Structures are given as structure tokens and as C-alpha cells.
Amino acid sequence: MAETQDVVELILQDHRRMEDLFRQMRSVEADRAAALKEFADLLVAHALAEEAEVYPALKRYRNIDNEEVEHGEHEHDEGNQALLALLEVDEVGSEEWDSKLEELVEAITHHTDEEERTILNGARENVPMKRREELGEAFLADRERHLKGEPGSVENLRRIVGSSD
């Protein structure tokens, strides 16, 4: 999938995949439950890898706003809470499910838009390509390690959300 190792591009690729999965989750013709499972696993693995490998490294760059990075971590918590609320709805496609899906879409879209405008643009402008590629490699490895389990399971999300309270 990834032709690039640039961490900025890899994160953007994940964001675009999440948008595709939102479209599938909204479509009555798609396998919405499968799209949700893929989304949940990707979102959790993506956020954990960002927080472990990318955000700490970016905080060391002078022209990247530490408050934006910390705000990004806070928004990961909000996204996880919205995802858990959706996963806990019994009937895929019910009115409650659609409502929780829109709350999740709103939380994630807000975060990805903000992250792309602030943190990722800052990384693109201030972090040398060689370092971005090193971060990309670390991000991918960490994300893949998480994806081997079921990072988006209800049980794991309950644990993550409980530890962020």
C-alpha cells in the first residue's frame, strides 16, 4: 500500500482510508459492520503509533507547536470515546447507530483536519525528509504491531478510554 516512508504521507493515507470507511459505514449497500471493524482497528492502531513514535519526536522541533501535539492526543481520546459509543450500539444501521456514527465522524474529521493543518504542515516545513522517513518507518512498524491484535475491539477500547479518564 505505502510507496512512501514519509510519515506525513503515511498519516495522510490513513486519514483518507478512514474517510472511505466512513462512506461505507453510511451506505446501506455496504457491509457496514465490516467497515466499522476495519475502521476501529485502524483508528486505534494509528493513534497509538502516532502517540508512541511521531508526536514525541515532533515535539522536539522548534517550529512545531507542542500545544497542538498535546491537543492532538486529547482529540485521540475523544475519538476513542465516540468510537466506543458506536461499537456499543447493538443494531448496525439503527437510528441510534446512525446518530453515534455521525458523532464519530464529527470527532475524527475535526481531528484530522486540525492535525493536517497544524502538526503535519509543521512537520512538512520543519522536519528534514530523512527524519520524516525514519519516523514513517517507526510509525508503520508500531501501527502494524498493534494491528496484529484487535486494537479496535470493544474490550480494548474500554480499557483505553478508562485509562484516559
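Which helices each supply at least two residues of the lining of the largest cavity? I looked this up in a predicted model, in which local features need pLDDT of at least 70, side-chain atom pairs count only at pLDDT 80 or more, and totals for chains, interfaces and linings use all residues. Residues are numbered from 1 along each chain as its sequence is written, and side-chain values use heavy atoms, with hydrogens and water left out.

**Entry 1: terms.** I took a cavity to be a set of points, on a 1 Å grid over the protein atoms alone, where a 1.4 Å probe fits but cannot get out; lining residues have an atom within 4 Å of a point. A volume is the space filled by probe spheres set on the points, which are joined across faces, edges and corners. Helices are DSSP runs (H or I, at least four residues), numbered from the N terminus.

**Entry 2: the largest cavity.** I found three cavities of 30 Å³ or more, and the largest has a volume of about 70 Å³. The helices I sought are α1 (7–26), α2 (32–58), α3 (66–87) and α4 (95–126). I noted that α3 gives the largest share of this lining, four residues. Among the lining residues are H15, H46, E75 and H111.

**Entry 3: the second largest cavity.** I recorded a volume of about 40 Å³ here. Its lining includes Y55, E68, E75, H111 and E114. Both α3 and α4 supply at least two residues each, and the largest share, five residues, comes from α4.

Terms used. On a 1 Å grid over the protein atoms alone, a cavity is a set of points where a 1.4 Å probe fits but cannot get out, and a pocket is an open set with protein on both sides within 12 Å along at least five of seven lines; lining residues have an atom within 4 Å of a point.
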